[in-house]
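Colleague: Before I plan anything at the bench, could you take me through this model, one question at a time?

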Amino acid sequence: MFSGNVSRSLAGPDRSATEKFAPMSGYLSEIFVSFQGEGAQVGERHLFVRFAGCNLRCRYCDTPYSLDRHPTWQAHDPATGKTSTLANPVSPEELLRLVAHFQNQDPSIQMMAVTGGEPLLQAKFLREVLIGRELDLPVLLETNGVLPQQLVAILPGVHVISMDIKLPSNSGERPFWDEHRAFLEIAKSRKCYVKVLVDRTTDPGEVEHAARIVSQVAPEVLLFLQPIVDAQGHVCADGETLVTLFLAARRQHEHVRVLPQVHKLLGIP
Ligand code: SF4
């Protein structure tokens, strides 16, 4: 499927030698084209580059295959519908060639969504990809919002930031209030929005606390309450729950919206 240098360089026999001298390489999980299903860019045609590895283990994670690094990753070709298995790690040049290939296959792509996993765990590689290279697409960074210093390193290469605020009552993780506040202080210099995932187990007090942080740090930023969807595809928040959580957020912040994951409603990746 992928012609010429891209597929040969990723799968070729001299791969170990390439790695030895590569200045920086990254671990990916998959690359594909779809409609953006979340947040402020919803409905746009995006090229998704999913990074491998995450520093969190949220109970509701819907991309468990991206939580760890693996020797291979998947490329889903938009023109043929075929999936290719490629080798990790990948050099910045290899990824950029692949991005250009996808753009040629689907000129309707409006943005490159860098997602995960947690892409900021590979900030050095990301910096190599995004800054000072010929990347002919605006970049959306989708992040869990707990690594502010890593964000600083790649900020010049990012156009839009989608950051989470994680709630301990539904993520199962510890609170990250200070990290989220510091992250938003930096992220607000770009176009930015915040996602808070919610379900029936969500503590309204935590939603209110998250909304207070957004209101204090970046009062014009949109805050999305995103209902969690379980592995069977069921939405885990009923209408009454959503109204309760919406009101909790609105007590602290003006710009609040409830938005489900549209790609899941459509049954697309
Ligand atoms: S931060 Fe995102 S990728 Fe990581 S475990 Fe949580 S939901 Fe999954």
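Modeller: Two residues are in contact if their C-beta atoms, placed from the backbone, lie within 7 Å. Please keep in mind throughout that this is a predicted model.

Colleague: Among contacts between residues at least 6 apart in sequence, what percentage join residues at least 24 apart?

Modeller: The count leaves aside pairs of residues that are not at least 6 apart in sequence. Of the contacts that remain in the protein, the share joining residues at least 24 apart is 74%.

Colleague: What radius of gyration does the protein have, and why does it agree with that of a compact globule?

Modeller: The C-alpha trace spans about 60 × 35 × 30 Å along its principal axes, and 40% of the 269 residues count as buried. A compact globule with 269 residues would have a radius of gyration near 18 Å, so there is agreement with the value for the protein, which is 19 Å.

Colleague: Which strands pair with strand β3, and in what direction does each run?

Modeller: Strand β1 (residues 28-35) is joined to β3 by two bridges and runs parallel to it, with Glu30 standing opposite Gln74 in β3. On the antiparallel side, where Trp73 stands opposite Leu86, five bridges join β3 to strand β4 (residues 83-87). The partners are therefore, counting a pair from at least two bridges, β1, parallel, and β4, antiparallel.

Colleague: Which residue in the turn of the β3 and β4 hairpin has a positive phi?

Modeller: Six residues lie between β3 and β4 in this hairpin. In the turn, a positive phi of about 75° belongs to Gly81.

Colleague: Which residues make up the covered face of strand β3?

Modeller: Strand β3 covers residues 72-76, and Thr72, Gln74 and His76 lie on its uncovered face. The covered face is made up of Trp73 and Ala75.

Colleague: Which strand gives the largest share of the largest nonpolar core?

Modeller: In soluble globular proteins, nonpolar side chains tend to be buried together. Here the largest nonpolar core has 64 residues, and those with the most contacts inside it include Val194, Val196 and Val207. The largest share of this core, six residues, comes from strand β8 (residues 191-198).

Colleague: How many residues in the shell around the ligand are charged?

Modeller: The residues around the ligand include Cys54, Cys58, Cys61, Arg57 and Glu118. By class, five residues of the shell are nonpolar and four are polar, while the number that are charged is two.

Conventions. Residues numbered from 1 in each chain as written. Predicted model: local features only at pLDDT ≥ 70, side-chain atom pairs only at ≥ 80, totals over all residues. Rg over C-alpha atoms; globule rule 2.2 N^0.38 Å. Buried ≥ 20, exposed ≤ 12 C-beta atoms within 10 Å, placed from the backbone. Near = placed C-beta within 6 Å. Nonpolar A, V, L, I, M, F, W, Y, C, P; charged D, E, K, R; others polar. Helix = DSSP H or I, 4+ residues; strand = E, 2+ residues; numbered from the N terminus. Core = buried A, V, L, I, M, F, W, Y, C linked by C-beta atoms within 7 Å.
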